[in-house]
Amino acid sequence: MYELGNLAMVAARHPGCALMICEGTVKLFTGEGLDRRSYSCEADDNGSIEKMILLLNFGEVKNGGEKIHINRSLGQGNQ
């Protein structure tokens, strides 16, 4: 859960970003209009939260040539 504070700090400084923490679930919303994307994970899932931080800091992040996968509220992985 230690990454949750880091995510809150990054999200607060990121334009077009909303962070919601409710009932043990973290939800991150980025973009606007048709470009709006949402991501979610459990509040104690430091690995997924760290990937959300990377997504906000660097955009479409690749790790060793493969896209980083995090749970999205509309399905598994990212597009």
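A nonpolar core is a set of buried Ala, Val, Leu, Ile, Met, Phe, Trp, Tyr and Cys residues joined through side-chain atoms within 4.5 Å. The exercises below concern a predicted model, in which local features need pLDDT of at least 70, side-chain atom pairs count only at pLDDT 80 or more, and totals for chains, interfaces and linings use all residues. Residues are numbered from 1 along each chain as its sequence is written, and side-chain values use heavy atoms, with hydrogens and water left out.

**Exercise 1. Elements**

Task: State which pattern the protein follows along the sequence.

Solution. Helices (H or I, at least four residues) and strands (E, at least two) are DSSP runs, numbered from the N terminus. The protein has two helices and five strands. Read along the sequence, they give the pattern α-β-β-β-α-β-β.

**Exercise 2. The sheet**

Task: Determine the order of the strands in the open sheet, and explain why one side of β1 and of β3 is left without a neighbour.

Solution. Two strands pair if DSSP finds at least two bridges between them. The open sheet has three strands in the order β1-β2-β3, and their pairing is antiparallel. β1 (17-22) and β3 stand at the edges with a single partner strand each, so one side of each has no neighbour in the sheet. On average, neighbouring strands are turned by 15° against each other, direction ignored. Next, consider one pair: β2 and β3 run antiparallel and are joined by six bridges. F29, for example, has S38 in β3 as its bridge partner.

**Exercise 3. Helices on the sheet**

Task: Identify which strands each helix meets.

Solution. Axes are lines fitted to C-alpha atoms, for helices over the stretch in contact (heavy atoms within 4.5 Å); angles run from 0 to 180 degrees between N-to-C directions. α1 lies across β1 and β2, and runs at about 150° to β1. α2 packs on the sheet and touches β1, β2 and β3, its direction making about 155° with that of β3.

**Exercise 4. The core**

Task: Describe the largest nonpolar core and the elements that supply it.

Solution. This core has 15 residues, and those with the most contacts inside it are L7, V26, L28, I49, M52 and L56. At least two residues come from each of α1 (3-13), β2 (25-30), β3 (37-42) and α2 (46-58). The largest share, five residues, comes from α2. Taking L7 as an example, and leaving aside its neighbours within four places in sequence, its contacts are L19, V26, I49, M52, I53 and L56.

**Exercise 5. Two residues compared**

Task: Decide whether C22 and S40 are buried or partly exposed.

Solution. Buried means under 20% relative accessible area, exposed over 50%, and partly exposed in between (1.4 Å probe, protein chains only). C22 lies in β1 and has a relative accessible area of 41%, so C22 is partly exposed. S40 lies in β3 and, at 14% relative accessibility, counts as buried. The C-alpha atoms of S40 and T25 are separated by 6.9 Å, although the two residues are 15 apart along the chain.

**Exercise 6. Confidence**

Task: State which elements have the lowest and the highest mean pLDDT.

Solution. pLDDT is the predictor's confidence in each residue, from 0 to 100. The mean for the protein is 80, with 73% of residues at 70 or more. Among the elements, β4 (residues 62-63) has the lowest mean, 48, and β1 the highest, 95. Over residues 73-79 the pLDDT is below 50, and this stretch has 18 contacts in the model beyond near neighbours in sequence.
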